[in-house]
Amino acid sequence: MDISRRDFLRLATTAGSGTALSGLIASGVSLAPVTARAQQLRIRTAKATPSVCPFCSVGCALLVHTTEGKIVNIEGDVRSPFSEGTLCPKGAATFQLHVNPNRPMQVLHRAPGAADWEVWDIERAMDRVAELVKKTRDETFIEKTAEGKLVNCCTSIFSLGGATLDNEWNHLQQKLMRGLGVVPIENQARI
Ligand code: SF4
């Protein structure tokens with residue numbers, strides 16, 4: 001079904017749910033050919049490399065499209081026998097994790113009481129984190145409770161991971177934290 005710009009606007013404004021997309025769909029227009037054509041153009045000459053979503057142990061299959069060594073698209077791989085090309089919102093946003101102008105690329109530090117952020121180099125930031133972790137652990141480590149029970153823990157440090165930390169990072173993070181005696185270890189990695 002061909003549709004003009006005028007038809008598109010009319011359908012969009014008269015559709016019960018009020019969106020252009022729902023108006024088109026309600027009119028019986030299939031967007032599948034248009035979507036397929038757009039995908040084809042975007043990745044027509046790109047190299048497709050099979051990969052796996054890094055975020056959780058479900059391991060949904062991805063196809064990473066690259067052009068001249070740069071990622072141009074990431075999508076679900078329909079050949080996967082269990083994910084069949086589908087991805088949850090985290091997996092579907094993998095491209096934006098890699099290619100995103102809003103992604104901070106420098107370490108920003110705001111000193112206690114300061115109003116402005118200061119750019120730090122990564123070595124300085126890592127040294128500062130290590131210094132504070134060691135200081136806090138040395139000052140607050142509990143080997144035994146008042147009753148003499150061996151606990152070897154450090155309850156003054158809390159480890160909170162973000163949704164974009166991958167399986168491997170989380171594995172190392174919890175090993176490091178448990179080695180330090182940290183008890184509260186949390187990660188926002190729900191699916
Ligand atoms: S985060 Fe989502 S897309 Fe990625 S492996 Fe887990 S369920 Fe699949």
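Before we start, one term: two strands pair if DSSP finds at least two bridges between them. With that in hand, here are three exercises on this predicted model.

**Exercise 1. Describe the hairpin of strand 6 and strand 7.**

Solution.
- Begin with the pairing: residues 142-144 form strand 6 and residues 150-153 form strand 7, and the two run antiparallel, joined by two bridges.
- Next, look across the pair, where Lys 144 faces Leu 150 of strand 7.
- Finish at the turn: five residues lie between the strands, and Gly 148 has a positive phi near 90 degrees.

**Exercise 2. Work out where Gly 85 sits and whether it is buried, partly exposed or exposed.**

Solution.
- Place Gly 85 along the chain: it belongs to the loop between strand 3 (70-76) and helix 4 (89-92).
- Now count its surroundings: 14 other C-beta atoms lie within 10 Å of Gly 85.
- Buried would take 20 or more, and exposed 12 or fewer. Gly 85 is therefore partly exposed.
- List its contacts, leaving out residues up to four places away in sequence: Gly 76, Asp 77, Val 78 and Ser 80.
- Finally, check Ala 61: 24 residues separate it from Gly 85 in sequence, yet their C-alpha atoms are 7.0 Å apart.

**Exercise 3. Put these details into the setting of the whole protein, using its helices, strands, burial and contacts.**

Solution.
- Take the secondary structure: the protein has seven helices and nine strands.
- Turn to burial: of the 191 residues, 8% are buried.
- End with the contacts between residues at least 6 apart in sequence: 36% of them link residues at least 24 apart.

Notes. Residues are numbered from 1 along each chain as its sequence is written. This is a predicted model: local features need pLDDT of at least 70, side-chain atom pairs count only at pLDDT 80 or more; totals for chains, interfaces and linings use all residues. Helices (H or I, at least four residues) and strands (E, at least two) are DSSP runs, numbered from the N terminus. Two residues are in contact if their C-beta atoms, placed from the backbone, lie within 7 Å.
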